[in-house]
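The exercises below are meant to be worked through with the sequence and the coordinates open side by side. Each task is followed by a solution that proceeds step by step.

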Amino acid sequence: MSFPETPSPAERYVIGVDFGTLSGRAVVVRVSDGEEVGSATLEYPHAVMDTTLAATGDRLPPEWALQVPADYVDVIKTAIPRVVQAAGIDPASVIGIGTDFTASTPMPVLADGTPLNEVAGFEHRPHAYIKLWKHHAAQGQADRINRIAAERGESWLPRYGGLISSEWEFAKALQLLEEDPEIYQRMDHWVEAADWIVWQLTGRYVRNACTAGYKGIWQDGEYPDRDFLTALNPDFAGFVDDKLAHEIGQLGDAAGTLSAEAAAWTGLPEGIAVAVGNVDAHVTAPAAKAVEPGQMLAIMGTSTCHVMNADVLAEVPGMCGVVDGGIVSGLYGYEAGQSGVGDIFAWYVKNQVPGEYHAAARERGLSIHQYLTELAQEQPVGGHGLVALDWHSGNRSVLVDHELSGVVLGATLTTRPEEIYRALLEATAFGTRTIVETFNASGVPVTEFIAAGGLIKNPFLMQTYSNVLRMPISTIASEQGPALGSAIHAAVAAGAYPDVRAAGEAMGRVNRNVYTPDEAAADAYDELYAEYTQLHDYFGRGANDVMKRLKARRRDALAGSDLENASHDDAEREARV
């Protein structure tokens, strides 16, 4: 391999790898100033398995979302060599690697880290695979966790806004135990993908403090006790001691060094620092220079995660958690979020927008999202006569209920596709305002709003958020915020900076107050938001549980259909015999 430029001895680089929902993205970053000198992406070969299991073609039940661990290793083997070549740097100048992941994205593995889906005979078992963050099929187990924790007065429950999500480690593990006890018994570790990939790079299993705190109910150095686990299910009593608890690594520390095997995969020097794993949202905060109290960072992609530091410990209803040092040391890190944002927009354009719109967008050289935005943005606020609920993937905050579903209210025979699209954009902004107002009312004020992620490329969406929130919006000056954040943590792990805050100050980048609220639009959105709030509380707080009844009916209907199909297949086999 030839190198276009030979870096001076003083130039050192780190690599950040962001494992997202559909792809892994690697960046090479200069340690001295955070300049991104190369990037590479690999789409996961198996993407997300949410309808069928790739190994068998069998249909998955509703609300499932699985992934294949080998896809993540492919990112390491492919994207890292590509990004080094694209950057034109000497691999010897790379001093560290950092990674981040979606969460909670856990998997069952053997003692040596082998995923259960790679064990012969288990490849056809859905529970042997990774349960992606948006696997929402453990809501029943989450409901039981919340009910029993509230009855027992568990001290950790208020740290999670009073509710544990079906997206997190305990609910998913309990579902595994109850639906496939053989897989549960066979697994040695219930491992977050964020920690598993670091294990593959270093040969050492270290559990990161961020995921453990926010997704694994690890508070003040402890997990829920054995008595509580027994109350959930007697067979779950040993979950923490036997399957979960492990060495905890702090953010910015080195989990280990690059192994000989991983060095061969990547072409990087054996023995360089590998940072402790992290969550994609939290790792982005220093990259966006959003680490001071009151600075809320929204990472806006398929979903949105809101993270913020504060110097006070408070109970915020429906938050995803508060963890001491969960983002940077010395401050309490808060998290909230919306389970569906970009996913909602993608679902709509894929399933609901007529073909002629797609053709017109292609003719104009625009994406369908750009075309719909262009059509909708000139309409006055409220001109579509619509209001929507952004619950197509359930509600993460502040209701923490994935049995909820989406609504578009006000459609008529004259409603246009672009108007519904705009109503969905607005609904996600209203969802964020609900979160911000909940934090403000709980004594954790949001004083600045900063956005990152792929959706910040849509100026109309960002201006809508500014108008709805009545706040200026700053944006990260990087298209790869999580990967840049991972690189910042790699620089700290390698000893180039004393801590994450110092590294973020030198290597992070943000554009301040890019969007400011329009007063007239903000006034109009106040009225629409009031309608949204009424719908939010009516469907989300128990006045009408029709969404839950419909989901239960769907599950029952599909289960009956599956039984009928299975019986028909058995009859056919018997006839052939």
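**Exercise 1. State which strands helix α16 lies across, and at what angle it runs to β1; then describe the sheet and the other helix that packs on it.**

Solution. In this predicted model, helix α16, which covers residues 481-493, lies across β1, β2, β3, β5, β11 and β12, and its direction is at about 135° to β1. An angle counts as roughly antiparallel if it is over 145 degrees and as roughly perpendicular from 65 to 115, so the about 135° between α16 and β1 is oblique.

The next step is to place these strands in order: the open sheet has six strands, arranged β3-β2-β1-β5-β12-β11, with mixed pairing. Its edges are β3 (36-43) and β11 (254-257), each of which pairs on one side only, and from one strand to the next the twist averages 20°. At the β3 edge, β2 (residues 23-30) pairs with β3 in the antiparallel sense over seven bridges, and Val29 stands opposite Glu36 in β3.

The last step concerns helix α5 (residues 193-202), which also packs on the sheet, where it touches β1 (13-19), β5 (94-101), β11 and β12 (273-275). The direction of α5 makes about 155° with that of β5, and because values over 145 degrees count as roughly antiparallel, α5 and β5 are roughly antiparallel.

**Exercise 2. Determine how the axes of α13 and α14 are arranged, and which residues make up the contact.**

Solution. Begin with the axes: those of α13 (residues 368-376) and α14 (residues 417-441) come within 9 Å and cross at roughly 95°. The two helices are therefore roughly perpendicular to one another.

Next, list the residues on each side. Helix α13 contributes His369, Leu372, Thr373, Leu375 and Ala376, and these meet Pro417, Glu418, Tyr421 and Arg422 in α14. Sorted by character, the contact residues comprise five nonpolar, two polar and two charged.

**Exercise 3. Find which partner forms a salt bridge with Arg501, which one with Arg512, and which parts of the chain each pair ties together.**

Solution. The count for the model comes to 30 salt bridges, and two of them are examined here in turn. Arg501 forms a salt bridge with Glu292, the closest N and O atoms being 3.0 Å apart. Because Arg501 belongs to helix α17 (residues 500-507) while Glu292 sits in the loop between α10 (280-284) and β13 (295-300), this pair ties together parts that are 209 residues apart in sequence. As to accessibility, Arg501 is partly exposed at 31%, and Glu292 is likewise partly exposed, with a relative accessible area of 37%.

The second pair is Arg512 with Glu448, whose closest N and O atoms are 2.5 Å apart. Here the residues come from two strands, Arg512 from β21 (residues 510-515) and Glu448 from β19 (residues 448-452), so the salt bridge ties together parts that are 64 residues apart in sequence. Arg512 is partly exposed, with a relative accessible area of 41%.

**Exercise 4. Describe the salt bridge between Glu519 and Arg470, the network that includes them, and the backbone of Arg470.**

Solution. The closest N and O atoms of Glu519 and Arg470 are 2.9 Å apart. The pair links distant parts of the chain, 49 residues apart, with Glu519 in helix α18 (residues 519-540) and Arg470 in the loop between α15 (459-469) and β20 (473-476). Widening the view, a network of salt bridges links Arg433, Glu437, Arg470, Glu519, Asp523 and Asp526.

Turning to the backbone, Arg470 has a phi near 60°, a positive value in a residue other than glycine, and its relative accessible area of 31% makes it partly exposed.

**Exercise 5. Locate the cis peptide bonds at Ser104 and Val398, and decide whether Val400 is buried or exposed.**

Solution. A cis peptide bond joins Ala103 to Ser104, with omega about 5°, and Ser104 is found in the loop between β5 and β6 (106-109). Another cis bond runs from Ser397 to Val398, with omega near 15°, and Val398 is found in the loop between β17 (387-389) and β18 (407-409).

Val400 lies in the loop between β17 and β18, and although it is not a glycine, it has a positive phi of about 50°. Its relative accessibility is 8%, and because buried means under 20%, Val400 counts as buried.

Methods: Residues numbered from 1 in each chain as written. Predicted model: local features only at pLDDT ≥ 70, side-chain atom pairs only at ≥ 80, totals over all residues. Heavy atoms only, no water. Salt bridge = Lys/Arg side-chain N within 4 Å of Asp/Glu carboxyl O. Helix = DSSP H or I, 4+ residues; strand = E, 2+ residues; numbered from the N terminus. Buried < 20%, exposed > 50% of the residue type's maximum accessible area, 1.4 Å probe, protein only. Axes fitted to C-alpha atoms, helices over the stretch in contact; angles between N-to-C directions. Parallel < 35°, antiparallel > 145°, perpendicular 65-115°, else oblique. Contact = heavy atoms within 4.5 Å. Nonpolar A, V, L, I, M, F, W, Y, C, P; charged D, E, K, R; others polar. Pairing = 2+ DSSP bridges.
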